[in-house]
Amino acid sequence: MSFKNQTWWIIGASEGLGRALAEALGKEGASLILSARNADRLQALSDGLGDAQALPMDVTDARSVASAAEAASDADGVIYCAGLYDPMTVQEWEPETAEAICEVNFMGAMRAMGRVAPRFARRGHGHIVLIGSLAGFTGLPGAIGYGASKAAVMHLGENLHRDLRDSGVKVQVVNPGFIKTRLTAKNDFKMPMIQTPEDAAACCIKAMRSNRFQTSFPAPFSWVFRIAALLPRKLVTRLI
């Protein structure tokens, strides 16, 4: 699969994985539409990528999403990788922070997909990529808000995949593990098999070339999470 001469709308492009995906797709010859809240970061990124345009958008604002979706209506594919994260236990629960995480990670995806997926279905082609997380497979300590929001994104991907199965629209969910970003820098524990944004982007691009609906990485770390979903709850709790 070639991305050359395709137009890709990347939502959450200013930092981390989204930024690395923009750079990777740019090298593949894709035209890019780059969205995030940070207009300055977007503009600096688009200026260095050639065939790219900055399209600032706030995924928590329905009007902003609707306006951007209209401007990006000719895109061949969309990647939703906008993300927010703060480590948080039940004992340290900050309601506003947890709700903000869910707004960006899940409700933002709902707003974007609600304006993109029906359009793709009507025209009979398109490619949707949702960035989930290994944290979405099972409940983890200190992941209030984040884990649930990513599980919801992964479930949304399943809904889209079922409904769009015979429509000509390709739907994929990609679930990374730990990626070295300003968000994971908040963690005070060892993160197994942590990847650079560039390595994670390469894994995403490989997944996008495939016909798999769901891809999780890095192996074998991802196997732990997928197997955990099938094990007795008491055993998983002890292991984690």
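**Close-up views of a predicted model**

**View 1. Asp47 sits in helix α2, which spans residues 39–47.** The model shown here and in the other views is predicted. Asp47 has 56% relative accessibility, so Asp47 counts as exposed. Thr138 is 91 residues from Asp47 along the chain. The C-alpha atoms of Asp47 and Thr138 are separated by 40 Å.

**View 2. Helices α4 and α5 come within 7 Å of each other, axis to axis.** Helix α4 covers residues 95–123, and helix α5 covers residues 146–163. Their axes cross at roughly 15 degrees. That angle makes α4 roughly parallel to α5, because angles under 35 degrees fall in that class. The crossing of the two helices is right-handed. From α4, the contact draws on Ile101, Cys102, Asn105, Phe106, Ala109, Met110, Met113 and Ala117. From α5, Tyr146, Ser149, Lys150, Ala152, Val153, Leu156 and Leu160 take part. Sorted by class, the contact of α4 with α5 has 12 nonpolar residues, 2 polar and 1 charged.

**View 3. Arg111 is a residue of helix α4.** Its relative accessibility is 15%, so Arg111 counts as buried; the cut-off for buried is under 20%. What does Arg111 touch, not counting residues up to four places away in sequence? The partners are Val59, Thr60, Asp61, Ala62, Val65 and Glu103.

**View 4. Cysteines appear here without a disulfide, since a search of the whole structure finds 0.** A disulfide is a covalent bond between the sulfur atoms of two cysteines. Why does Cys102 form no bond with the closest cysteine sulfur? That sulfur belongs to Cys81 and lies 18 Å from the sulfur of Cys102, which is too far for a bond. Cys102 has 30% relative accessibility and therefore counts as partly exposed. Cys204 is in no disulfide either. For Cys204, the nearest cysteine sulfur is that of Cys203, 7.0 Å away. The cut-off for a disulfide is a sulfur pair within 2.5 Å. Is Cys204 buried or exposed? At 1% relative accessibility, Cys204 counts as buried.

**View 5. Cis peptide bonds lead into Pro218 and Pro220.** Most residues other than glycine have a negative phi, and most peptide bonds are trans. The bond from Phe217 to Pro218 has omega near 0 degrees, making it cis. Pro218 lies in the loop between β7 (214–216) and α7 (221–228). The bond from Ala219 to Pro220 is cis too, again with omega near 0 degrees. Pro220 is likewise found in the loop between β7 and α7.

**View 6. Asn5 and Met193 have positive phi values, though neither is a glycine.** For Asn5, phi is near 70 degrees. Asn5 belongs to the segment before β1 (7–11). With a relative accessible area of 66%, Asn5 is exposed. For Met193, phi is about 55 degrees. Where does Met193 lie? Met193 is in the loop between β6 (169–175) and α6 (197–209). Met193 has 40% relative accessibility, so Met193 counts as partly exposed.

Methods:
Residues are numbered from 1 along each chain as its sequence is written. This is a predicted model: local features need pLDDT of at least 70, side-chain atom pairs count only at pLDDT 80 or more; totals for chains, interfaces and linings use all residues. Side-chain values use heavy atoms; hydrogens and water are left out. Axes are lines fitted to C-alpha atoms, for helices over the stretch in contact, and angles run from 0 to 180 degrees between N-to-C directions. Helices (H or I, at least four residues) and strands (E, at least two) are DSSP runs, numbered from the N terminus. Angles under 35 degrees count as roughly parallel, over 145 as roughly antiparallel, 65 to 115 as roughly perpendicular and the rest as oblique. A crossing is left-handed if the near helix is turned anticlockwise from the far one by less than a right angle, and right-handed if clockwise. Contact means heavy atoms within 4.5 Å. Ala, Val, Leu, Ile, Met, Phe, Trp, Tyr, Cys and Pro count as nonpolar, Asp, Glu, Lys and Arg as charged, and the others, Gly among them, as polar. Buried means under 20% relative accessible area, exposed over 50%, partly exposed in between (1.4 Å probe, protein chains only).
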